[in-house]
Structures are given as structure tokens and as C-alpha cells.
Amino acid sequence: PHVHTERHTERRNCAMPTPSDATVDPSVPTEDPAWRELLAEPAERFERRIGKAKRLIYPRRTAEDWRKASFASDTALAAQLEAIPDNGPRIDTREVSREEFVRDWEQPRRPVVIRGATESWAAGAAGDRQGRGGAWSLGELLRQYGGERFKVGEDDDSYAVWLKLKYYLRYLATSRDDSPLYVFDSSFAERSGTSRLGRDYAPPHYFADDLFRYAGERRRPPYRWFVLGPARSGSYVHIDPLGTSAWNALLQGRKLWALLPPHVPKEVVQPTPKLHGGREAVAWWANVYPKLAAATDPDHRPLTLVQTAGETVYVPGGWWHCVLNLDVTVAVTQNLCPRSSFDSVWRRVVKSRPKMSKRLAERLAVDEPLLHQRTVELAKLPPEEKGGDSSSSSSSSSS
């Protein structure tokens, strides 16, 4: 991955609060000796590094812009978010077989919350006030990876912006930003200093049949992310690339989800007028969600759910989703190409990643001859007829 070198940039005071002038997030294990030491260190060093990262990612934002909307102190918004209903259907891996999952959720493209998928992971539980917990608890992350750098964004030239985890955790513990910086790191399992994180979990067995595995690790696009962020951080409403589906497993905290089916127009979910608070997840929930929740068209009313620690959310390909952290959260997420979505994913890969499609076709010819034959058939169809899926029972659901 690209690493930033020093460059001249206008200095602005993007100061972050310290434990002396802000409340430490209750999720932080303040009785953990490593965390006590981190919180006791002088604030200037952390402020300087956080400020540099902010300027690289958002060079036109001032320090005031980061808190202009005052979302952190908006008690009405907090109450509004807590009152949003949890309507997500749930299944348990110990009760629902993989065949049943494919039949009832993957093929009909229905989102679902999955329980029981993370119980055997070394990533483990969130941890207690003393920092004791799984490998991905806040205490263990600080102890094991405090000196390692993680991606917190990109600059205007699409170069990654990195922060040492200890600096980011100090920021996470006290941030009052409207939409705080968010660790969303796709190379964590490949770097020597953090590769152990990639061995702390295993994809739920429902998602073992990922056809992108045939493209190889070098050819396939980024597909797995280590995700860490405080309340109000999150992902603005979007559809995952290349028609891929996704799963998101939460180890700590709560995430608020809104999902809308693929046929809902973009202008409905991403209105063009500038939002109060910008194109950020928290601003979407504050400004757009209330209007959609009251929409006359039932398809425009989002499916909402509150994901809690130990739960995994399945997002079918093509579904709009906006995700907001209600607390400090630690998660891992992966994108995949399930067999039932092959046609729609394939046509996007051919169009946007021709080298990858060539490699994938070569492997399919050897390992999946029926799917390879399907790629030949798709190439012969007129563009308007290429919208089908490889499974006749697969369709976009409006549930």
C-alpha cells in the first residue's frame, strides 16, 4: 500500500479533546493499565498527528468544520437514533443449514442478521473495564498493535492516510467530531505487523463459496476490511462495488443499519441538495432517514436494524445501505461473489476489470466448467438481455 511522505500543507489547528476537557467514551477500558498510560500522556503529540491526518483527507475543512453541526451534543438526534426500530430478521447458524440459508436468503436476495457465526473466533468478546477480552478487544488491540499503522482514509490523490493505532485510539476515546475519522483497512491481513488479525476470524460457513477466490489474491479487488470507529462514524449510503454481496461481523458495540432494495432510485437515497453535516453517515440519518421513513411508497421506507456484538449482517448484492456506529465498534467485513449472483457480478467485472475477468475465466474453465460456459453464453447476449442471474429463483427482494 502507498505510504504518505511529508509534504508542505497549510497548518490548521484541528485540535482534539483530551481527557481533561472531554468525557472518555464509556466503551474504553479505563482500568486497563495500558489505556491508563495512553490517556495520561500529553495531548499535544496526539493532536499533531490527528490534525495532519485530517488535513490530508479533508484539506478544505477547518477545525471548526469538524464540529459545525454539533452532532456530538445533539440530544434530540441521539434520542431519534435510539428510537429507530430494529426490524431485522434473524437466524442462527446452529439452527439454519447452509442450504437453507442459500434458499431463503441468498437466492431471494434478502438481508438478514446472523447469530452464532463469531463464537469460535479468537477475535472474541469485547472485553471488560480492565481490558480483558478477545484478541480484538480494545485492551488487546492497544497492547498488541498500538505501534502499528492503520488506514483512516485517503487524500485527494487516492493515497492511503495512515495513523498509528495508539494515536487513533486516543482520538476515538474522546472525539467530539460530527463524523469522526474511521479505521477502514483492507490490507490488515497482508502486512507483517498486523497479519495475525487475519487469523483471528474465519468467514461464516454460509459464505464459503466465494467465486472471486478463483481470481487469485493479486487480481481480485480489495474484499476484507478491519473496521474500528467511535459513535457517529460510519459509511454513507452506498451500493457495494461490482454487484458483490457482503457480510459484516461485529465484535463490540452497536451499528445502526438502513437498507433499501436495488430498484430504489439513487436520487431517493442520495438526494442532491447538500445535507446539513455533509455527505456523512450521521448526516444521512439526521436529514434523509426521517423523510424516507415517512415515504408514501413502501419500497422507499428503509429496513432498519440494530446490530449488536456477536451478530453478522448479510447484505445482498445491489442493496443500498447506510451504516452508523452508535458506540465504539470493532468489526470485520468481507465482500464476495455468491454463486446465485454470478451473472450480475460477471457482467460488471468484464466491463470494469478486464484483466481480472480473463484470469477468472481461465480458472473457471478448469474448476467450474458450467460457470465458464455461462460466461460464453453471456458474451453472446445483447446488452439488454444480460441482466439475468445464474439462478432462476434469484430476484431482487423488496422486503
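## Close-up views of a predicted model

**View 1. Arg359 and a positive patch.** Let us start with one residue: Arg359 is partly exposed, with a relative accessible area of 33%. Keep in mind while you look around that this is a predicted model. Arg359 belongs to helix H11, which spans residues 354-367. Which residues form a positive surface patch with Arg359? Look for Arg218, Arg219 and Lys355, which make up the patch together with Arg359.

**View 2. Strand S11, an enclosed strand.** Here we turn to strand S11, residues 311-315. How many of the five residues of S11 are buried? Five of the five are, so the strand is largely enclosed by the rest of the structure. Try following the side chains along the strand: Glu311, Val313 and Val315 point one way, while Thr312 and Tyr314 point the other way. This pattern is a familiar one, because side chains in a regular strand alternate between the two faces of the sheet. In S11, the residues pointing either way are all buried.

**View 3. The partners of S11.** Which strands pair with S11? One of them is strand S2 (residues 112-115), which runs antiparallel to S11 and is joined to it by four bridges. To find your place in this pairing, look for Val113 in the view, whose bridge partner in S11 is Val313. Strand S8 (residues 245-252) also pairs with S11 in the antiparallel sense, over four bridges. In that pairing, Ala246 stands opposite Val315 of S11.

**View 4. Strand S7 beside S12.** Strand S7 covers residues 234-238, and four of its five residues are buried, so S7 is largely enclosed by the rest of the structure. In which sense do S7 and strand S12 (residues 320-325) pair, parallel or antiparallel? They pair in the antiparallel sense, over three bridges. A handy landmark is Ser235, which stands opposite Val323 in S12.

**View 5. A salt bridge between Arg143 and Asp32.** The whole structure holds 26 salt bridges, and this view shows one of them. The side chains of Arg143 and Asp32 meet here, with an N to O distance of 2.5 Å. Why does this pair tie together parts that are 111 residues apart in sequence? Arg143 lies in helix H5 (residues 138-145), whereas Asp32 lies in the segment before helix H1 (33-40), so the salt bridge links those two parts. Compare the two partners: Arg143 is partly exposed, at a relative accessible area of 38%, whereas Asp32 is buried, at 0%.

**View 6. Two more salt bridges and a network.** In the salt bridge of Asp104 with Arg103, the closest N and O atoms are 2.8 Å apart. Asp104 is partly exposed, with a relative accessible area of 26%. Lys151 forms a salt bridge with Glu154, and there the closest N and O atoms are 2.8 Å apart. Is Lys151 buried or exposed? Lys151 is buried, with a relative accessible area of 17%, while its partner Glu154 counts as partly exposed at 36%. Elsewhere, salt bridges that share partners join Asp86, Arg90, Arg115 and Glu311 into one network.

**View 7. Arg149 and Trp162.** Our last stop is Arg149, found in strand S3 (residues 149-154). Arg149 is partly exposed, with a relative accessible area of 37%. Now find Trp162, which is 13 residues from Arg149 along the chain. How far apart are the C-alpha atoms of Arg149 and Trp162? They are separated by 5.7 Å.

Key. Residues numbered from 1 in each chain as written. Predicted model: local features only at pLDDT ≥ 70, side-chain atom pairs only at ≥ 80, totals over all residues. Heavy atoms only, no water. Buried < 20%, exposed > 50% of the residue type's maximum accessible area, 1.4 Å probe, protein only. Pairing = 2+ DSSP bridges. Patch = residues over 30% accessible without salt bridge, like charges linked within 9 Å, V, L, I, M, F, W, Y side chains within 5 Å. Areas by Shrake-Rupley, 256 points an atom, 1.4 Å probe, with all protein chains shown as cover. Salt bridge = Lys/Arg side-chain N within 4 Å of Asp/Glu carboxyl O. Lys, Arg positive; Asp, Glu negative; His and termini not counted. Charge placed at Lys NZ, Arg CZ, Asp CG, Glu CD.
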